[in-house]
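User: I would like to go through this model step by step, with the reasoning behind each answer set out. Please begin with the term that the charged pairs depend on.

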Amino acid sequence: LSPSFSIFGHAPTREFYSPKYDANFEGQDVPDYRATLYWNPSFTTDRNGNAQLIFYNSDNAKQFQLAIEGLSEYGTPGAYLKTFGSKD
């Protein structure tokens, strides 16, 4: 109730950079060492709860950590975390 008190929520939507691998440009041979490969703040599943998301891998990632967070149409939160891939 104080004018000097602020409650911070979610940040405004921002676009996540994804390399354009089908574009030809100078310096294209630079290795891709991104740690975060894909981020999408908003996608929708089909009526069965499935979605297909496509992204490019980096040059050194062998193991992936998938983190999905979302809300149901009724506002119920949900989360899923899984690590998969080869350790070597």
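Analyst: A salt bridge is a side-chain nitrogen of Lys or Arg within 4 Å of a carboxyl oxygen of Asp or Glu. The model discussed here is predicted. With that cut-off, the side chains of Asp-32 and Arg-34 meet in a salt bridge, and the N to O distance is 2.9 Å.

User: How many salt bridges does a search of the whole structure find?

Analyst: Side chains of opposite charge can pair when their charged atoms come close. One such pair is formed by Asp-32 and Arg-34, whose side chains meet in a salt bridge. For the whole structure, the search gives a count of 1 salt bridge.

User: Is Asp-32 buried or exposed, and at what relative accessibility?

Analyst: Asp-32 belongs to the segment before S1, and its side chain also has a polar contact of 2.9 Å with the side chain of Arg-34. Both Asp-32 and Arg-34 are buried. Buried means under 20% relative accessible area, so Asp-32 counts as buried, with a value of 9%.

User: Leaving aside neighbours within four places in sequence, which residues is Asp-32 in contact with?

Analyst: Once the neighbours within four places in sequence are left aside, the contacts of Asp-32 include Pro-19 and Tyr-21. The others named for Asp-32 are Asn-57, Ser-58, Asp-59 and Asn-60. The full list is therefore Pro-19, Tyr-21, Asn-57, Ser-58, Asp-59 and Asn-60, where contact means heavy atoms within 4.5 Å.

User: Which backbone nitrogen lies 3.2 Å from a polar atom of the side chain of Ser-58?

Analyst: Ser-58 lies in the segment before S1 and is buried, with a relative accessible area of 7%. Not counting residues up to four places away in sequence, Ser-58 touches Asp-32, Tyr-33, Arg-34 and Leu-37. Its side chain makes a polar contact of 3.1 Å with the side chain of Asn-60, and the backbone nitrogen at 3.2 Å from a polar atom of the Ser-58 side chain is that of Ala-61.

User: How many bridges join strand S1 to strand S2?

Analyst: The protein has 0 helices and 2 strands. Strand S1 covers residues 63–71 and strand S2 covers residues 77–85, and the two run antiparallel. Among the bridge partners are Ala-67 with Leu-81 in S2, and Leu-71 with Pro-77 in S2. The number of bridges joining S1 to S2 is 9.

User: Which residue in the turn of the hairpin has a positive phi?

Analyst: S1 and S2 form a hairpin, and 5 residues lie between the two strands. Within that turn, a positive phi of about 90° is found at Gly-75.

User: Why is the pair of Tyr-38 and Phe-55 called stacked?

Analyst: A search of the whole structure finds 3 aromatic pairs. The rings of Tyr-38 and Phe-55 have centres 5.9 Å apart and planes at 25°. Planes under 30 degrees apart count as stacked, so with its planes at 25° this pair is stacked. Tyr-38 and Phe-55 both lie in the segment before S1, so the pair ties together parts that are 17 residues apart in sequence.

User: What angle lies between the planes of the edge-to-face pair formed by Phe-55 and Phe-64?

Analyst: Phe-55 is partly exposed at 39% relative accessibility, and Phe-64 is partly exposed at 22%. Their rings are 6.4 Å apart, centre to centre, in an edge-to-face pair. The angle between the planes of Phe-55 and Phe-64 is 65°.

User: Which residues do ring pairs link into a cluster?

Analyst: The cluster includes Tyr-38, which is partly exposed with a relative accessible area of 29%. Ring pairs link Tyr-38, Phe-55, Phe-64 and Phe-84.

User: What share of the residues of the protein count as buried?

Analyst: The protein exposes about 8,700 Å², of which carbon and sulfur atoms supply 53%. Thr-45, in the segment before S1, is partly exposed at 40% relative accessibility. Asp-32 and Arg-34, by contrast, are both buried. Of the 88 residues of the protein, the share that count as buried is 6%.

Note on methods. Residues numbered from 1 in each chain as written. Predicted model: local features only at pLDDT ≥ 70, side-chain atom pairs only at ≥ 80, totals over all residues. Heavy atoms only, no water. Pairing = 2+ DSSP bridges. Helix = DSSP H or I, 4+ residues; strand = E, 2+ residues; numbered from the N terminus. Buried < 20%, exposed > 50% of the residue type's maximum accessible area, 1.4 Å probe, protein only. Polar contact = N/O pair within 3.5 Å; in protein donor to acceptor, adjacent residues only side chain to side chain. Areas by Shrake-Rupley, 256 points an atom, 1.4 Å probe, with all protein chains shown as cover. Phe/Tyr/Trp six-rings, centres within 6.5 Å; stacked < 30°, edge-to-face > 60°.
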